Amino acid sequence: MSVEIADRISGDLAEGTARVSADVVLQNNIDAEEVARKSADVSLENAINDEAIARDAADVILQNNIDAEATARANADSSLEDALSLEIAATNADVISIDSA
């Protein structure tokens, strides 16, 4: 009986040692995963911040381009109105000249 008791005690000790060792491995894996996730979160946050900065800069450029195009169209409209006014004046002068003749 003492052999059986010794075997059971030895088995219990081996199982306890195996569980403690497995728990240490598991905790190390959990800790490594935590570090990896935190690092990935920082990388992701940096990428999001970089993208937000790039979009803000692009929005400024886009608005400047829109403003420049609006100014160019307004100037072109004004030039066209001036040219049309000159043409109308010349035509009216021609009509008056013909009517006077």
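## A starting point: Arg-19

Arg-19 counts as partly exposed, with a relative accessibility of 42%. The model shown here is predicted. Arg-19 sits in helix H1, and so does Glu-15. The two residues are four apart, which is about one turn of the helix. Their side chains meet in a salt bridge, with 2.8 Å from N to O. What about the cover on Glu-15: is Glu-15 buried, partly exposed or exposed? Glu-15 is partly exposed, because its relative accessibility of 41% falls between the limits of 20% and 50%.

## One helix, stretched out

How many helices and strands does the protein have? The count is one helix and zero strands. Helix H1 covers residues 2-100, and the protein has 101 residues.

Now look at the overall dimensions. The C-alpha atoms fill a box of roughly 145 × 15 × 5 Å along the principal axes. The radius of gyration is 43 Å. A compact globule of 101 residues would come out near 13 Å.

One pair of residues gives a feel for the distances. Arg-55 and Asp-7 are 48 residues apart in sequence. In space, their C-alpha atoms are 71 Å apart.

## Surface and cover

What share of the residues counts as buried? The figure is 0% of the 101 residues. The protein exposes about 8,500 Å². Carbon and sulfur atoms supply 61% of that area.

Part of the surface is a nonpolar patch. Met-1, Ile-5, Ile-9 and Leu-13 form this patch. Together they have about 470 Å² of accessible area. Leu-13 belongs to helix H1. Why is Leu-13 called exposed? Its relative accessible area is 58%, so Leu-13 lies over the 50% cut-off for exposed residues.

## Charges

Which charges does the protein carry on its side chains? There are 6 positive and 22 negative side chains. The centres of these two sets lie 18 Å apart.

Some of these charges pair up. The structure holds five salt bridges. One of them is the Glu-15 and Arg-19 pair described at the start. Two others follow.

## Arg-37 with Glu-33

Arg-37 forms a salt bridge with Glu-33. The closest N and O atoms are 2.6 Å apart. How far apart are the two residues along helix H1? They are four residues apart, so about one helical turn separates them.

Neither end of this pair is buried. Arg-37 has a relative accessibility of 42%, so Arg-37 counts as partly exposed. Glu-33 has 41%, so Glu-33 is partly exposed as well.

## Arg-55 with Glu-51

Arg-55 lies in helix H1. Which residue does the side chain of Arg-55 meet in a salt bridge? The partner is Glu-51, with 2.7 Å from N to O. Because Arg-55 and Glu-51 are four residues apart in helix H1, about one helical turn lies between them.

Arg-55 is partly exposed, at 42% relative accessibility. Glu-51 is also partly exposed, at 42%.

## The picture so far

The protein has one helix and zero strands. Its C-alpha atoms fill a box of roughly 145 × 15 × 5 Å. Of its residues, 0% count as buried. Its surface includes a nonpolar patch of Met-1, Ile-5, Ile-9 and Leu-13. It also holds five salt bridges.

How values were computed: Residues numbered from 1 in each chain as written. Predicted model: local features only at pLDDT ≥ 70, side-chain atom pairs only at ≥ 80, totals over all residues. Heavy atoms only, no water. Patch = residues over 30% accessible without salt bridge, like charges linked within 9 Å, V, L, I, M, F, W, Y side chains within 5 Å. Areas by Shrake-Rupley, 256 points an atom, 1.4 Å probe, with all protein chains shown as cover. Salt bridge = Lys/Arg side-chain N within 4 Å of Asp/Glu carboxyl O. Buried < 20%, exposed > 50% of the residue type's maximum accessible area, 1.4 Å probe, protein only. Rg over C-alpha atoms; globule rule 2.2 N^0.38 Å. Lys, Arg positive; Asp, Glu negative; His and termini not counted. Charge placed at Lys NZ, Arg CZ, Asp CG, Glu CD.
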